[in-house]
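Colleague: Could you open that model for me? I would like to go through it with you slowly.

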Amino acid sequence: MVFSRMRLSETATFRGWLFILMGSVSFVGFLFAAVISKLLPLSANPIISAIQNDRYYCFLVPLTLPILVSAVYFHWLSMKMFKHA
């Protein structure tokens with residue numbers, strides 16, 4: 001029984017670190033696509049050139065944040081109404 005708890009704890013720790021790593025890689029990738037690539041000189045690499053010339057992803061997350069805030073608010077409000085109904 002103690003062994004199974006220890007194994008479950010190790011699995012949860014591994015998953016936690018995996019999620020942190022995936023989130024960090026996604027953040028750095030978005031930061032490069034949205035900000036850093038626009039500051040670099042033009043590249044001969046077609047993939048980096050396409051990222052530099054893109055005007056969609058640099059606005060995607062900043063314009064998604066107000067929608068996310070309103071969705072979280074309405075979720076909280078609906079849970080409060082459900083709880084006190």
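Colleague: Where in H3 does the kink lie?
Modeller: In this predicted model, the kink is at leucine 65, shortly before proline 66, and comes to about 30°, where the bend at a residue is the angle between axes fitted to the seven residues ending there and the seven starting there.

Colleague: And how many residues has helix H3?
Modeller: Helix H3 covers residues 57-83, which makes 27 residues, and reaches 38 Å from its first C-alpha to its last, close to the 39 Å expected at 1.5 Å a residue; that expected span is 1.5 Å times one less than the number of residues.

Colleague: New topic: how many helices and strands are there?
Modeller: The protein has 3 helices and 0 strands, counted as DSSP runs numbered from the N terminus (helices H or I, at least four residues; strands E, at least two).

Colleague: Is alanine 50 buried or exposed?
Modeller: Alanine 50, which sits in helix H2 (residues 46-53), counts as partly exposed because its relative accessibility is 48%, with buried meaning under 20%, exposed over 50% and partly exposed in between (1.4 Å probe, protein chains only).

Colleague: What share of the protein is buried, then?
Modeller: Of its 85 residues, 6% count as buried.

Colleague: Anything I should know about the numbering and values?
Modeller: Residues are numbered from 1 along each chain as its sequence is written, and side-chain values use heavy atoms, with hydrogens and water left out. Since the model is predicted, local features need pLDDT of at least 70 and side-chain atom pairs count only at pLDDT 80 or more, while totals for chains, interfaces and linings use all residues.
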